[in-house]
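User: Please take a close look at the strand pairing in this model. Afterwards, kindly set that part in the context of the chain and of the complex.

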Amino acid sequence: MTRHWRLIALLAAIGLGLWLVPVKVVLLWTDALVFLLVGVLTAFVIYMRGKPHLRAPWRQVIRRPLAAASLVVLSAYVVVGLLDSVHFRQQLEPQAGAENQQAQYSVEVLSLLDLLVTPLRTRLEKSYSAPLAAHLYSKESVTLADGSTARIYPRLQYGGAHLDDPATQRGKDIAQRSLSALLLGLLAWTALVAAWVAWLARRHGHGFGTELQTILRGEAELPWRSIFGTLGVLILFVAIALKLGIAYHLLGTDKVGNDVLYLSLKSIRTGLVIGTLTTLIMLPFAVLLGIMAGYFRGWVDDVIQYVYTTLSSIPGVLLIAAAILSVQVYIANNPELFETVVERADLRLLFLCMILGITSWTGLCRLLRGETLKLREMDYIQAATAFGVGNFKIITRHILPNVMHIVLISVVLDFSALVLAEAVLSYVGVGVDPSMVSWGNMINSARLEMAREPVVWWSLVAAFCFMFLLVLAANLFSDAVRDAFDPRVGRG
Amino acid sequence: MLAYIVRRSLYAIPILIGVNLLTFWLFFVVNSPDDMARMQLGMKHVTPEAIERWKADHGYDKPLLYNEKAEGTGKFTDTIFFDKSVRLFVFDFGTADDGRDIGYDIRQRMWPSLALAIPVFLIGLLVNITFALLMAFFRATYVDYAGVVLCVILMSISALFYIIGGQYLVSKLMHLVPISGYDGGLSAFKFLILPVVIGIISGIGAGSRWYRTIFLEEVNKDYVRTARAKGLPERVVLFRHVLKNAMIPILTGVVVTIPMLFMGSLITESFFGIPGLGSYTIDAIRAQDFGIVRAMVFLGSVLYILGLLLTDLSYTLVDPRVRLS
């Protein structure tokens, strides 16, 4: 019970904080759905705590070292994504001379993440600069102190600005900062792991040394070695980003001088939203229609089959393109509906999720129909029917729990495909709004940069790394989930 | 057999009608032709006259579904629905926004698409099945494990990176083949070789993993155990018995995609400047040429339904237990 009180106190503190700070909270549509999803997941976890048979397969998932490591990586992404989902508009300084007017709010919608990484967000350069560079990427005509003009690589405004002579000092400075980042990361990691092991030791009732030995030998119940290892790598990256990102542009800057690291971080939310909300939106339809088709058969089945065959017969990209073009026309003709650019981009993102959901529910629906057809002939369903249990109750009590593993597996498997689809759709021009930061848009603009001489490779590489890590972790995790939940795969 | 094919083809009609109604609804009801005209003309030049002119030029100046002014059957035929949607059923696609005949363009652009898609499909299938068989042969060893991990890694890379990376390495750094472009006849080879290789590589991850799962499912069945008990070497078991029986699930996934090869590959064609149907579609989407998008949607659904029919027919060829009725 104390746990709940703590939660309530935390929420109250957040509420009070928001009330005191002069901001106007902006609840975007996708934010609302993201928090709904978080709520549903939390409720599900709380429900599962008391049910050993539901917990068992998840335990099996976590026991796989690769899956546990993937979970750590995914959690890191989720934290960034959630921080980026709390939006608000800051209050502007009251204008001098104006009398007691209403509070004015900036048109710029920020998120908690923006606030946390303010240095990355605000330090705009003029144009491209390579990672860790102190000079711009291209030559410019500059008027020198003696009045003559020369074509040189101008110094960056922020990147390496603390150096007097970058040519000689930069290498040493970077090495120094990396070393101190390494030490800092190591220190933070050791402290974290020590605290964690101490907590585990207390919970299991052995000494610190015994617990540590069990973990090191890999005899503990969970694969702590891979969890702590992944955590260590993550912390190291954060430390490097902190130490070097403050003084330089760690991943360079893009065409208009935005820090690429900042763009990559902002893209995380877009990717996660598309991967999760699409599923959230399509799931009710797929589950309801699939089970209904299989359970009632007859004309219900015919109608539902007709609907999903029709939808799946249209090539996915074209259906998405058709729908997004329509939305685009709508948005272009109704500009007065949106207060800020972010709100407009957000609506388009939501539509993209919906339309992706419409094109992707058919597969799951077909699977569920097949499984329900099989289940309804089972003895226990026959018995329930014989006892006079109503259709609704049979579906919710007896069929739904027995097809949940299919739902779960396909949800997890779809996630990475959706993240990848976003990039392709953005390239085609029917993805997220061009003003929204996403990996697809980053790749799209980086495509032309590859033709430049020398090559501007950093945005592409940054987008690649961030996206690859997320998709890889999701794929590895979903493999473990499938193995644990699919009854066809032998438990070995 | 023939009766079955005819019946299945008739079943396609309601689906195509559904597709048509859906696209009609998306393009003409959700957004009226007026909205489209405004969008196409841009915000600056919008005058009621300009909108009317644009609609007249593109044949959108008729009523949507029912024309009160026309005579007789003209009440139904002299409408946008009849002009733009019903005509698709006889493959009359009309003209694009730039005045070109869409049907002619599609017939022209089909060949480059096929020249790219067919090698990718055939060689890709061969490569994937070979890899999958290798992994199944070495199952539960480190070879298999490494293979699966490699597949997952390959799967996790977006197709865009394969293309951009390949173009950069092979064309820009090594100057082996042109970056993009196309030419008819035999000289098409040097333009196609890189896209084909990239297409195959980007499909290896997902493909071979999927085939591996199918093979492993078969490997655990009773007839395989019998075959081994007879003393057959593992090689024979895999190639003679497992491969043959795995054809059924493989066909389910593969045959349905064969007709879709006509549609071409969207991103590969557009990156490599191959004038196929994929780049045609992308250009239409970017130019917001609704006529072409509608035509491609219809064509895509026809091909998909054809694929489903072919899948059913192919079952009878590989699985004598299946009788079509």
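Analyst: Two strands count as paired if DSSP finds at least two bridges between them. The model is predicted, and the strand pairing described here is read from its coordinates.

Strands β4 (residues 140-143) and β5 (residues 149-152) of chain A meet this criterion with four bridges, and their pairing is antiparallel. One of the bridges can be named: A:E140 has A:I152 in β5(A) as its partner. The two strands form a hairpin, with five residues lying between them. Within the turn, A:G147 adopts a positive phi of about 95 degrees.

A further group of strands in chain A forms an open sheet of three, in the order β1-β2-β3, with antiparallel pairing. The edges are occupied by β1 (23-26) and β3 (105-111), each of which has a single partner strand; one side of each is therefore left without a neighbour in the sheet. On average, and with direction ignored, neighbouring strands of this sheet are turned by 30 degrees against each other. Between β2(A) (residues 87-91) and β3(A) there are four bridges, and the two strands run antiparallel. Here A:Q91 is matched with A:Y105 of β3(A).

These strands belong to a chain whose secondary structure comprises 17 helices and five strands. Chain A has 492 residues, of which 37% count as buried. Its C-alpha atoms fill a box of roughly 100 × 70 × 55 Å along the principal axes. Of the contacts in chain A between residues at least 6 apart in sequence, 71% join residues at least 24 apart.

Two helical sites illustrate the surroundings. A:G185 lies in helix α7 (residues 166-204) of chain A. The residue is classed as buried because 21 other C-beta atoms lie within 10 Å, against a threshold of 20 or more. Neighbours within four places in sequence being set aside, the contacts of A:G185 are A:I235, A:L236 and A:A239. In helix α16 (residues 439-449) of chain A, the buried residues are A:W439, A:G440, A:N441, A:M442, A:I443 and A:A446. These buried residues pack against α10 (260-296), α15 (391-428) and α17 (458-485) of chain A, and also against α8 of chain B.

The packing of α16(A) thus leads to the partner chain. In the interface, 36 residues of chain A are in contact with 39 residues of chain B. On the chain B side, at least two residues each come from α1 (2-29), α2 (33-41), α7 (142-155), α8 (159-173), α12 (266-272), α13 (277-287) and α14 (290-318). That side is made up of 27 nonpolar, nine polar and three charged residues.

One helix pair across the interface can be described in detail. Helix α11 (residues 298-313) of chain A and α1(B) have axes that come within 9 Å and cross at roughly 65 degrees, and the crossing is right-handed. The residues involved are A:Y306, A:T309, A:T310 and A:S313 from α11(A), and B:P14, B:I15, B:G18 and B:V19 from α1(B). By class, this contact holds four nonpolar, four polar and no charged residues.

As to confidence, the predictor assigns the complex an ipTM of 0.85 and a pTM of 0.88. Chain B has a mean pLDDT of 83, with 91% of its residues at 70 or more.

Notes:
Residues numbered from 1 in each chain as written. Chains lettered and ligands numbered in written order. Predicted model: local features only at pLDDT ≥ 70, side-chain atom pairs only at ≥ 80, totals over all residues. Contact = placed C-beta atoms within 7 Å. Nonpolar A, V, L, I, M, F, W, Y, C, P; charged D, E, K, R; others polar. Axes fitted to C-alpha atoms, helices over the stretch in contact; angles between N-to-C directions. Left-handed = near helix turned anticlockwise from the far one by under 90°. pLDDT = per-residue confidence, 0-100. Buried ≥ 20, exposed ≤ 12 C-beta atoms within 10 Å, placed from the backbone.
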